[in-house]
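Got your viewer open? Load the model, switch to cartoon view, and keep the selection box handy.

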Amino acid sequence: GDALTTEEMQGFDVDVAIAVGKALGVETCFATPNWDAITAGNWANKWDLSIGSMTITRERQQVLDFSTPYYYAKAVIAVHKDSGITSLEQLANQALCVGTATTYETWLSGQDLGFPASSIYAQPPANVKVFAMETDQECAQALAAGRKDFAGYVTSETVVDANIAAGMPVTKVTTVYAEELAAAFDKSSSLSTDTLRADVNKIFETLRKDGTLAQLSLKWFQVDLTLPPQ
């Protein structure tokens, strides 16, 4: 359950791609192959890079090289703001709520997300109990309403920010992992993509420093998703 629509993601990606093209000094030409064709690699040199909200996974890393991430879909743990819980350790032996069949449930139950180690910032609390509800939004509402059968919930930071903005008495404890979204390059490209990748990484750094990435994120998502997790 992510709060971002495909339309917003596409709009953001298009704007980022245009900014990257401008910085490279090339005109950005858009190819729109289907998603499976992009993630499979072996692009036969039809396009040079993909800027399309692709999450870095170990499986994709076998056929694709990735830039540094240009935005992050962070997973956080939130608790009732009067709970006195400020650290992951305090959640040991407690129950946490998750939306069923989400990556949050996968992480909390100790299963492999398929993300590279660099995308995972914390292991689940010791002896945590998984409390699954239909949606993560129901977790938040139950907690706000005073339910006591779980101590908090795991969901995306955008969901918790929206809960807080809606006046729910909840607070974030910590970021536990992030889907790191990056530009992708074909490992089987007939020309080495190392130089292009280095250039794109530099450009992302510049766009981050000069505020362009944050501006584009605010324009499309109403929140800055471009900062690396703290």
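The tour below goes from the sheet to the helices, the disulfide, the pocket and a few loop residues.

**Before you click**

This is a predicted model, with local features needing pLDDT of at least 70 and side-chain atom pairs counting only at pLDDT 80 or more, while totals for chains, interfaces and linings use all residues. Residues are numbered from 1 along each chain as its sequence is written, and side-chain values use heavy atoms, with hydrogens and water left out.

**Stop 1: the sheet**

Colour the strands and look for an open sheet of six, in the order S1-S6-S2-S5-S3-S4, with mixed pairing. The edges are S1 (50–55) and S4 (129–133), each of which pairs on one side only. From one strand to the next, the twist averages 30°. Strands here are DSSP E runs of at least two residues, helices are H or I runs of at least four, and both are numbered from the N terminus. Two strands count as paired if DSSP finds at least two bridges between them. As a reminder, strands of a sheet pair through backbone hydrogen bonds, either parallel or antiparallel.

**Stop 2: S2 and its two partners**

Next, select strand S2, residues 64–80. Is S2 mostly covered, or mostly open? Mostly covered: 15 of its 17 residues are buried. Buried means under 20% relative accessible area, exposed means over 50%, and partly exposed is in between, using a 1.4 Å probe and protein chains only.

Now add S6 (170–186). S2 and S6 run antiparallel and are joined by 14 bridges. To see one of the pairings, show Ala75 with its bridge partner in S6, Tyr177.

Then bring in S5, residues 152–156. S5 also runs antiparallel to S2, through five bridges. Show Ala78, which stands opposite Tyr153 in S5, and Ile77, which stands opposite Val154. S5 is mostly covered too, with five of its five residues buried.

**Stop 3: over to S3**

Keep S5 on screen and select S3 (residues 95–99): these two strands run parallel, joined by two bridges. Leu96 has Gly152 of S5 as its bridge partner, and Cys97 has Tyr153. Tyr153 is the residue you just saw opposite Ala78.

**Stop 4: the helices on the sheet**

Select H1, residues 6–24. This helix lies across S1 and S2, running at about 135° to S1. Then select H5, residues 136–144, which lies across S2, S3, S4, S5 and S6 and runs at about 145° to S5. For these angles, axes are lines fitted to C-alpha atoms, for helices over the stretch in contact, and angles run from 0 to 180 degrees between N-to-C directions. Contact means heavy atoms within 4.5 Å.

**Stop 5: the disulfide**

Which cysteine does Cys97 join? Show sticks for Cys97 and Cys139: a disulfide links them, S to S 2.0 Å. The link is left-handed, with -70° about the S-S bond. Cys97 sits in S3 and Cys139 in H5, so the pair ties together parts that are 42 residues apart in sequence. Taking a disulfide as a pair of cysteine sulfur atoms within 2.5 Å, the count comes to one. Cys97 is buried at 0% relative accessible area, and Cys139 is buried at 0% as well.

**Stop 6: the largest pocket**

Switch on a surface and select Phe30, Ala31, Leu49, Ser50 and Ile51, the closest to the centre of the largest pocket among its 28 lining residues. A pocket is an open set of points on a 1 Å grid over the protein atoms alone, where a 1.4 Å probe fits and protein lies on both sides within 12 Å along at least five of seven lines; lining residues have an atom within 4 Å of a point. Its volume is about 930 Å³, the space filled by probe spheres set on the points. H1 gives the most to the lining, with nine residues.

**Stop 7: loops and the tail**

Select Asn93 in the loop between S2 and S3. Asn93 has a positive phi of about 65° although it is not a glycine, and at 48% relative accessibility it counts as partly exposed.

Finish at Leu218 in helix H8 (residues 212–221). Leu218 is partly exposed at 44% and, leaving aside neighbours within four places in sequence, is in contact with Val223 and Asp224. In the segment after H8 you'll find Gln222, whose phi is near 60°. Gln222 is exposed, with a relative accessible area of 58%.
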